[in-house]
Amino acid sequence: MKKASIIMIIGSLLLLGLFKFPLWNIMLGAPQYPEPLGMNIHIDGIKGVSEFDLQNIDGLNHYIGMKTIPKAEEMWEFAVFPKVILGMAFLGIIIGLMSFFDKVSYKFFLGWFILMSILGVLGMYDFNNWLADYGGNLDSHAIIKVTNPDGTPMSYKPPLIGFKKLLNFDVTSLPHTGGYLMFIGMSLTLFAFWLGRKTSLKKTTS
Amino acid sequence: MLVILLGFTSCNNGNQSGGKSGALSNNIAEKVYVAPGEYDSHYAFISGGYSGNVTVYGLPSGRMFKEIPVFSQFATSGYGYSEETKPMLNTSHGFVPWGDSHHPDISQSKGELDGRWVFINENNTPRIARISLTTFETEEIIEVPNSAGNHSSSFVTENTEYVVAGTRFSVPIPQRDMPIKDYKGNFQGALSFISVAPETGNMDIKFQVLMPGFNYDLSHPGRGKSHGWFFFTTYNTEEASTLLEVNASQNDKDFIAAVNWKKIEEYVNNGGGKMMPANYAHNLYDEHTHTATSTMKKEVRVVNPIDVPGAVYFIPTPKSPHGCDVDPSGEYIVGNGKLSANLTVHSFTKMLDAIEKEKFAGEAYGIPILNFEDVLAGVVEQPGLGPLHTEFDGKGNAYTTFFISSEVVKWKIGTWEVIDRKPTYYSVGHLTIPGGNSGKPQGKYMFAMNKITKDRYLPTGPEMEHSAQLYDISGDKMELLLDFPTHGEPHYAAAMEASIIKEQSQKIYKLADNKHPYAAKSDADTKVVRNGNEVHIYMTTIRSHFSPDNIEGVKVGDKVYFHVTNLEQDFDVPHGFAVLGQNNSELLIMPGQTKSSVWEPKQVGVWPFYCTDFCSALHQEMQGYIRVSAADSDVPIKWSLGEDIE
C-alpha cells in the first residue's frame, strides 16, 4: 500500500510539468517554410516555437481571414487551466499522503483518475471548440476564399491530434512534453490504483 | 533476390571507391555535385576586382550565392543610393561611386580563421572595408591616407591585431604640387597598420611606416615563429616614374621588406612617431540604426623607419617579386619573382641570424639590406614562367601560380622539388586554398582565378566573365574538377569550411532593435511630415501592402524622403520599393530594416509606387499612389491606407 501511495504522489506531481512544458504543439510546414512555423500550447497561453512564429502565422492567416492567435488574457481558459492543474496535483498528493498513512482507501486513486479524465475530456472538448472557431470563423472580407466542393467555406481548423493538409500547409498537432508528462502521471495514478487493489486483495485473501 | 543483388553491387562499388583505380574515384562530376537542397562544404569570398564588390560562392559546386556590395554602388539593393548607405562611399575626394576590390582576407584568432569578418582593400582610392559574416554586409570602410594603389593589402595578422595596407604607387607625402621627374628620393611609400578592435572589429590607423619610394606590391604576415613581422614585396626599386615596364625591370633583384611591427608598435605606444595632418574618411555602418556615418579624420601617426632601429630590413629577391607568401609554420617566405625563372624562398630563422650578426650588404635610405645568400632557404628551379602567388596545403606542400605558362605547380617545402603541375585556363593570377593565409590551411580544394577566359564557356561577345578552376588537392596529384565563371575580376579569394559561418548567418533584423530615427515600427507609426520643402514619409511594408498607400500634398520642387520599414520578422521576406520616374535606384529592405530613398518629383501627376521583390501571393497588389501637385498648389498633406483619401 505504501508503494501504491508513493506512485500516486509521483503521478500527481507529474502534472506540475505542465507549468514548465507545453501541453500541446501544432507545427505548420509548407514549401516556403522548410523550417516549419509552430505554436506551443501551454496551460497559461500560446507561445511560438521560434521567436516570431506567432506573428508570422498571424501574418499568413490574414490572407484567409483567420483571427489572430489569442493572447493569454483573451481566453478565460488560460486563467482557469493553471488553477485546475494545480488543484488536481494538490488533491492527488493529499490523497496519496492520506493513503500512505492509511487514512483513505486506494479507491480514491481511481476517483481522482476519473475526475482528472473528465476534466481532461472537457479540456479537449473546449480546445477543439476553439480550434473550430479559430479555423472556421473567418472574416467575410478575406483576401483568399476557398470553398469546399459543396460551396461551403473551407475551414482551416487544425486537427485536434494528428496530421492534416490545409492548402499549402502540412499541419501536425500532437501532445508536447507537458502533455506526455500528464498522461504518464495519470497512468501512474491508475497503476497505483491497480497496485493498491492487488495489495489489498492479497491482504484479504491471506 | 534483386534486393540482394543490388546490395551486393553497391557494396562492391563502395570498396572500389576506396581504392585509387576504381571507376568511381575518377568520377569527377560526383566530386563537385551538390544535390539539390544540400549544402556546399566551403564558403569562398571572391573579390569582384573592378566590380568593387565581393561575391560569395560555395565549394565544390562553384555556385554563386550573393554579391556583397562594398566599394561600388549597387542598384539591386540601393547600396550607395539610399540615404543610409551613401556615407559608406564617402572619401576625402567626396562621394566615389566605384572601387577596385582586390584581396579579401578572413579574420583570425590564434592563427586560425574565425569567420567573423572579411577584410578587403580598394586599390584605386585607397580604402579597407570590413564585411560582417553574420549579416554579409559591409560594416565599415576606412580610407588610407598617404597611400596610392592600395595593393599590398588587406592581410590580417594571426589574431587580427592589424589589417595591413601597403601602397603600390609611391607618392609625395604629404601630397603636393611637384615635378614628376623629381620622383627619386622625394616620393615615399606608406605601409599602414590598421588596428582592429577585438569585439567590434572597428578599424583605426595605428601608424604608417613611411618607406622609400618603391612599389610595395603584395604582403603577408608572419605567423607562428615569425608572428610580429610583416613581409612586403617591392618592385621599381629603380624608382622610375615613367615607362615602368622597362625602367622598373632593370635591377637584378628588388626587395622583400621585412617589417617588425611589434617593435614599431612598442615604439608608437611609447609616444614614438609623429602625428601628421591628414584628411581621410572613416565610414561606419550601424546595424541597429541601419545607417552609416562618415567621419573625416584629420591626422595620422607616421613613423620614419630609421628612427626605429631593427624594425625594417630589406631582403634582396630576384626580379620584381609579386606575391609574398608565408608558409603555415611562419619559417618560409616565398618571393614570387615574376620575371624570374626560379622561385626564391627565404628563411625566417636565417634572416634573424643574419640580423643578429649584422651581416648587411649595404643600405637603402638608411634601411639595412641583408645578403641574398644569407637569408636564402632554397630555390625551386625552373618551375614555370612568371610566378605570381603561392598558397599552402598544411601538409608540407606549396602551390604556385604561373601567369605566363598558365599553370599551377605543386612543390615540396624543404626539398624544393616540383611534384605536379596542372594547366589553368588561362593566365592564372591568384589561387586560393581555404584557410590559405593562416597557420591551418584546410587543404582539400584549391581554386585558380584566371585573367583570360577565351573559349571556356559559350561566347558572350567581346566581354566575358572571368573564370576560376577548382582542383582537388587531397591526393598526390592535383585533379581539375570544375570550371566556374566569376563576376567582375576574381582577383583573389578567401575561403573556409562552412560550419562556423553557416551557423552564425543572421536571418532577420529584429524590429525591436531597429533604432533608425525614421523607422515606423507599426502601422500606427506611419505618417507624412512636411518640413519646408522636405517631405518625410514614414512608411511600412508587410505582406502585401504599403502603409500608407495613398499620399497627397506633395508638390513639384519638394524633396521627398521615403523611409520604408519592413515589418516582416520572417526569414527571406524582403520587400522592394520603387516609384515611377525616380532618379535613383530601388530599395530592397530586409525584414526589420529601414531604408530611405530621396525622390524629387518634377512633374505634376499621380505616380504609382510598388514592391519590386516578389514577396507573396498578393505581390502584384502591393502598390500605392502618390499625388504630386503644382508647386503653388494648396493641397494639404494627407495619407491613408484601406480607405478613400478624403
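What follows is a short chat about chains A and B of a predicted model.

Student: Before we start, what are the ground rules here?
Tutor: Residues are numbered from 1 along each chain as its sequence is written, and chains are lettered from A and ligands numbered from 1 in the order in which they are written. The model is predicted, with local features needing pLDDT of at least 70, side-chain atom pairs counting only at pLDDT 80 or more, and totals for chains, interfaces and linings using all residues, while side-chain values use heavy atoms and leave out hydrogens and water.

Student: Cool. How many helices and strands does chain A have?
Tutor: Five helices and five strands; these are DSSP runs, H or I of at least four residues for helices and E of at least two for strands, numbered from the N terminus. The order in chain A from the N terminus is α-β-β-β-α-α-α-β-β-α.

Student: And what does helix α1 of chain A span?
Tutor: Helix α1 covers residues 2–14 of chain A, and its 13 residues reach 19 Å from first C-alpha to last, close to the expected 18 Å. That expectation is 1.5 Å times one less than the number of residues.

Student: Which residues of α1(A) are buried?
Tutor: A4(A), S5(A), I7(A), M8(A), I9(A), G11(A) and S12(A). Buried means under 20% relative accessible area, exposed over 50%, and partly exposed in between, with a 1.4 Å probe and protein chains only. Across the 206 residues of chain A, 42% count as buried.

Student: What's the radius of gyration of chain A?
Tutor: Chain A has 21 Å, whereas a compact globule of 206 residues would be near 17 Å. The radius is taken over C-alpha atoms, and the globule rule is 2.2 Å times the number of residues to the power 0.38. The C-alpha box along the principal axes is roughly 75 × 35 × 30 Å.

Student: Switching to the interface: how many residues of chain A are in contact with chain B?
Tutor: Ten residues of chain A contact ten of chain B, where contact means heavy atoms within 4.5 Å. F52(A), N56(A) and Y63(A) supply 47% of the area that chain A buries against chain B, more than any other three residues.

Student: How much area is buried between the two?
Tutor: About 860 Å², with carbon and sulfur atoms giving 45%. Buried area is the accessible area (1.4 Å probe) that two parts lose on being put together, summed over both.

Student: Last one, S347(B): buried or exposed?
Tutor: Buried, with a relative accessible area of 4%. S347(B) is in strand β23 (residues 343–347) of chain B. Not counting residues up to four places away in sequence, S347(B) touches E331(B), V375(B) and A377(B).
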